[in-house]
Structure formats: C-alpha cells, structure tokens
Amino acid sequence: MTWRADVLTLFPAMFPGPLGESLAGRALRGGVWSLAVTDIRAFGLGRHRAVDDTPFGGGAGMVLRADVLDAAITSVARAARPLVFLTPRGRPLTQARARELAAGPGVVLVCGRFEGFDQRVIDAHGAEELSIGDYVLSGGELPALVLLDSVIRLLPGVMGHEESGLEESHADGLLEYPHFTRPATWQGRDVPEVLTSGNHAAIGKWRLDQARAVTLARRPDLYAHYIASQGPTP
Ligand code: SAH
C-alpha cells in the first residue's frame, strides 16, 4: 500500500525538493509513498487570484483567507488521512507522532505564508496543528518537508536496516549513545575500549548508560519523562 501525501502550498515548485533525493527519493520512485501537490493560488479570487487579506483587528501582514483555503482543501480526496496545518502555534512534532502517521494511510498538509491562516478554516475542519520547533520560519513548506522526511524514513522498506529505526534518538525516550567507526585511533583519540571488546552485553549496558547520561545532561525534560515511563524500579 502506497503511503499518500498531499501538500497544499503557494509554492508547489518546492516539492518534492530534498525528498526527491536519497532514501526518500528512491522510495517515491518505487511507489512506497506518493506525493500530490495542490497550488493554493489556483483557488484564489478574481483576476489576481487573491489568496490573502488584511487581518481583522488590524496589525501588520496578511492572512490566508478561509474561503480560498477551504476550496483548496475540499478539492483533495482526503479519505481517512489526517489534515495537518503547519503552524508555530501547533503541538510540537514528535517521533511518536511521526510513527503514528507512518502507520496510517498518509497525510494532507497545509503550508502557511504571511501571518498564517484564518483560524476558522482550521476549526471548521477539526484539523491538527503541528509545529516543528520554537522558532518562526517564513512559510510552512520547510516544516512540511521536515514532517514528511520524519515519516517517510519510517515506512517499511525505506531504511536499509529495519532495526536502524529502533535504537536511534527519541525512539525509546532517550537521546542516542555516541557512534564511532574506523580508524580505532584518530589524532590520539581512541574509541571507547568496550566497543572493541566483542562483549555484546557490556556494549549494550555502556550504550544505555551513555544514552541516559547525555539525555540527563542535555534534555532534562526528556529524561524526567523517560524515568516516569520506566515505572517503579524493583
Ligand atoms: N504569525 C505567525 C507566524 C507566521 S509564519 C505566528 O506568529 O504564529 C508563516 C507560516 O510559516 C505559518 O503560517 C506556518 O505555516 C509556517 N511556519 C513558520 N514557523 C513554523 C514552525 N515553527 N512550525 C511549523 N510551521 C511554521
């Protein structure tokens, strides 16, 4: 079954962009996922195909019109796919949400521009809002590409090793342990001895200890969540 992505944007030429390369590009050409892009401008009003207007209440910038966006959204055969608006006000995108989306039939993404969307079109569709981080970009296209990349690499058959999605950062609530490869000594720096010991139990323990330590140091918020999810220690 092909995982289906629809993207609504004022800049269709930005797609598939980086997702046409490497693993995602091969999976796109191989039919693991498909991409349909809708130009919001095609639903614009009047001779100038206007898609935005000034905000009620005043203030700087322009707002994407609910009627224009609604026409673009209803032109897409959404079926059971979630409808997601990319906004800095949305819930943060997480690895867990990426995993859920990968397990479903696909997604319909709406990319904002200017000051963003008329809130009524989001509410009317009961749509989800997702943010890719606590900073503001000039449009929703890069966030849509980020979201799609996080999902596509999880689709069956996209990554080389099925297990490489299981141990990485955020998979189990921890950041990942550090990696090392040849040469064993580089500029006077040796790789940690345990990694060349061949003792898989010791390696596993070292990696878990490292993952816990780096998570505690860098992301105490994630660490607290991880500890709470482990349940009481016997
Ligand atoms: N006035 C808005 C920002 C608009 S930025 C505010 O203060 O919340 C223009 C568009 O870029 C948004 O509509 C959204 O689609 C996209 N965008 C910007 N930053 C984003 C982020 N961190 N996550 C997701 N989308 C973002």
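Here are four exercises with worked solutions on the fold in front of you.

This is a predicted model, in which local features need pLDDT of at least 70, side-chain atom pairs count only at pLDDT 80 or more, and totals for chains, interfaces and linings use all residues. Residues are numbered from 1 along each chain as its sequence is written, and side-chain values use heavy atoms, with hydrogens and water left out.

**Exercise 1. The sheet**

Work out the strand order of the open sheet of 5 strands, and find its edge strands.

Step 1. Elements come from DSSP runs numbered from the N terminus: helices are H or I with at least four residues, strands are E with at least two. Two strands pair if DSSP finds at least two bridges between them.

Step 2. Begin with β1 (residues 3-9) and β2 (residues 33-39), which are joined in the parallel sense by 7 bridges. Ala 5 has Leu 35 of β2 as its bridge partner.

Step 3. Go on to β5 (residues 83-92) and β6 (residues 106-110), a parallel pair with 3 bridges. Here Val 84 faces Leu 109 in β6 as its opposite residue.

Step 4. The full order reads β2-β1-β6-β5-β7, with parallel pairing. β2 and β7 (128-131) are the edge strands, each pairing on one side only. On average, neighbouring strands are turned by 35° against each other, direction ignored.

**Exercise 2. The crossover**

Which handedness does the β-α-β unit of β1, α1 and β2 have?

Step 1. Apply the convention: with the strands pointing away from the viewer, a crossover is right-handed if the path from the first strand over the helix to the second runs clockwise.

Step 2. With helix α1 (residues 22-29) between β1 and β2, the unit is right-handed.

Step 3. While you are there, look at Ser 22, which belongs to helix α1. Its phi is near 55°, a positive value in a residue other than glycine.

**Exercise 3. Two helix pairs**

Describe how α3 packs on α5, and how α6 packs on α7.

Step 1. Axes are lines fitted to C-alpha atoms, for helices over the stretch in contact, and angles run from 0 to 180 degrees between N-to-C directions. Angles under 35 degrees count as roughly parallel, over 145 as roughly antiparallel, 65 to 115 as roughly perpendicular and the rest as oblique.

Step 2. For α3 (residues 95-103) and α5 (residues 141-152), the angle is about 70° and the axes are 8 Å apart. α3 is therefore roughly perpendicular to α5.

Step 3. Contact means heavy atoms within 4.5 Å. On the α3 side you find Ala 98, Leu 101 and Ala 102, meeting Leu 147, Ser 150 and Val 151 of α5.

Step 4. For α6 (residues 200-218) and α7 (residues 220-230), the angle is about 130°, with axes 5 Å apart. These helices are therefore oblique to each other. Among the α6 residues in this contact are Leu 208 and Arg 212, while those of α7 include Pro 220 and Tyr 223.

**Exercise 4. Cis peptide bonds**

Where do Pro 16 and Pro 183 lie, and which peptide bonds leading to them are cis?

Step 1. Phe 15 to Pro 16 is cis, with omega near 0°; Pro 16 sits in the loop between β1 and α1.

Step 2. Arg 182 to Pro 183 is also cis, with omega near 0°; Pro 183 is found in the loop between α5 and β8 (185-186).
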